[in-house]
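Here is a short tour of one protein chain, written to be read with the model open beside you. We start with the overall layout and then visit helices, strands, a pocket and a few loop residues.

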Amino acid sequence: MKASLFRHGINLWPPFLFAGIHVTRVSPDYREIDVELRMRPWNRNYVGTHFGGSLFAMTDPFWMLGLMHNLGRDYYVWDRTGEIEFLKPGRGTVRATFRIDDAMLAEIRSAAADGSKQLRWYSNDVRDASGEVIARVRKQVYIRLKPQARVSAIVD
């Protein structure tokens with residue numbers, strides 16, 4: 001799917017739309033994704049700061065989706081575990097960025113070449129408008145080369 005179509009579609013997806021989560025940019029190769037969470041009356045907690053579930057949700061699918069698009073159909077890619085550390089109250093619009101580089105992809109491909117499962121941790125900072133880190137999110141992603149891809153690689 002073209003990155004621009006994906007961006008428009010995910011911004012209309014009800015869990016993101018109603019939480020105030022907005023994907024502002026997806027590079028054509030899915031290696032760079034920028035997301036923001038806008039403060040709305042329905043995503044504030046009791047004390048008037050961002051609801052923690054919305055902070056986590058704004059970072060939830062993007063490591064998995066970016067890796068899926070870059071590794072291709074020969075790999076299983078799943079979110080496995082996630083955790084969030086709240087560092088300070090979040091107010092206003094907050095942002096997170098996701099970056100996948102060549103070295104990361106090469107390392108995954110090399111480690112997964114024998115068909116073993118790879119459990120990789122990736123982290124993101126969620127920052128407020130002044131650039132201060134308000135939360136740190138870690139996601140563990142399961143990656144494995146599909147059996148048919150291993151067989152075709154051996155035959156070739």
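Helices here are DSSP runs of H or I with at least four residues, and strands are runs of E with at least two, numbered from the N terminus. Counted that way, the chain of this predicted model has 6 helices and 6 strands. From start to end of the sequence, they come in the order α-α-β-β-α-α-β-β-α-β-β-α. Along the principal axes, the C-alpha atoms fill a box of roughly 60 × 30 × 25 Å. The chain has 156 residues, and 42% of them count as buried. Among contacts with a separation of 6 or more, 66% are between residues 24 or more positions apart.

**Helices with a buried side**

Let us begin with α1, which spans residues 3-12. Which of its residues are buried? They are A3, F6, I10 and N11. These residues cover an arc of only 125° around the axis, which puts them on the same side of α1. An α-helix has 3.6 residues a turn, so residues three or four places apart point the same way. On the face turned away from the buried side of α1 sit the exposed residues L5 and L12. The partners that the buried residues of α1 pack against are α2 (14-17), β1 (21-26) and α4 (62-71).

Helix α5, residues 102-112, can be read in a similar way, with M104, L105, I108 and A112 as its buried residues. Their arc around the axis is only 95°, which puts them on the same side of α5. Facing away from that buried side are the exposed residues D102, A103 and S110. The buried residues of α5 pack against α4, β3, β4, β5 (118-127) and β6 (133-145).

Helix α4 is mostly covered, with 8 of its 10 residues buried. Those buried in α4 are F62, W63, M64, L65, G66, L67, N70 and L71. Just after α4 comes G72, which takes a positive phi of about 90°.

**A strand with two faces**

In a regular strand the side chains alternate between the two faces of the sheet. Strand β4, residues 94-99, shows such an alternation: V94, A96 and F98 point to one face and are buried, whereas R95, T97 and R99 point to the other and are not. Strand β4 runs antiparallel to β2 (residues 32-37), and 6 bridges join the two. One of the residues named above, F98, is the bridge partner of I33.

**The largest pocket**

How much space lies in the largest pocket? The volume is about 230 Å³. Its lining is made up of M64, M68, H69, G72, R73, Y75, Y76, V77, W78 and K146. At least two lining residues come from α4, and at least two from β3 (75-86). Strand β3 gives the largest share, 4 residues. Sorted by class, the lining has 6 nonpolar, 2 polar and 2 charged residues.

**Three loop residues**

The table sets three residues from loops side by side.

| Residue | Loop | Relative accessibility |
|---|---|---|
| Y30 | between β1 and β2 | 4%, buried |
| N43 | between β2 and α3 (52-57) | 2%, buried |
| G92 | between β3 and β4 | 33%, partly exposed |

Why does N43 count as buried? Buried means under 20% relative accessible area, and N43 has 2% relative accessibility. Leaving aside neighbours within four places in sequence, N43 is in contact with A19, G20, L37, R38, T49, H50, F51 and S54.

Most residues other than glycine have a negative phi. Y30 is not a glycine, yet its phi is positive, at about 65°.

G92, at 33% relative accessibility, counts as partly exposed. G92 and R38 are 54 residues apart in sequence, while their C-alpha atoms are 6.3 Å apart in space. Not counting residues up to four places away in sequence, G92 touches L37, R38, M39 and H50. L37, R38 and H50 appear among the contacts of N43 too.

Key
Residues are numbered from 1 along each chain as its sequence is written. This is a predicted model: local features need pLDDT of at least 70, side-chain atom pairs count only at pLDDT 80 or more; totals for chains, interfaces and linings use all residues. Side-chain values use heavy atoms; hydrogens and water are left out. Buried means under 20% relative accessible area, exposed over 50%, partly exposed in between (1.4 Å probe, protein chains only). The arc is that of the directions from the helix axis to the C-beta atoms. Contact means heavy atoms within 4.5 Å. Two strands pair if DSSP finds at least two bridges between them. On a 1 Å grid over the protein atoms alone, a cavity is a set of points where a 1.4 Å probe fits but cannot get out, and a pocket is an open set with protein on both sides within 12 Å along at least five of seven lines; lining residues have an atom within 4 Å of a point. Grid points are joined across faces, edges and corners, and a volume is the space filled by probe spheres set on the points. Ala, Val, Leu, Ile, Met, Phe, Trp, Tyr, Cys and Pro count as nonpolar, Asp, Glu, Lys and Arg as charged, and the others, Gly among them, as polar.
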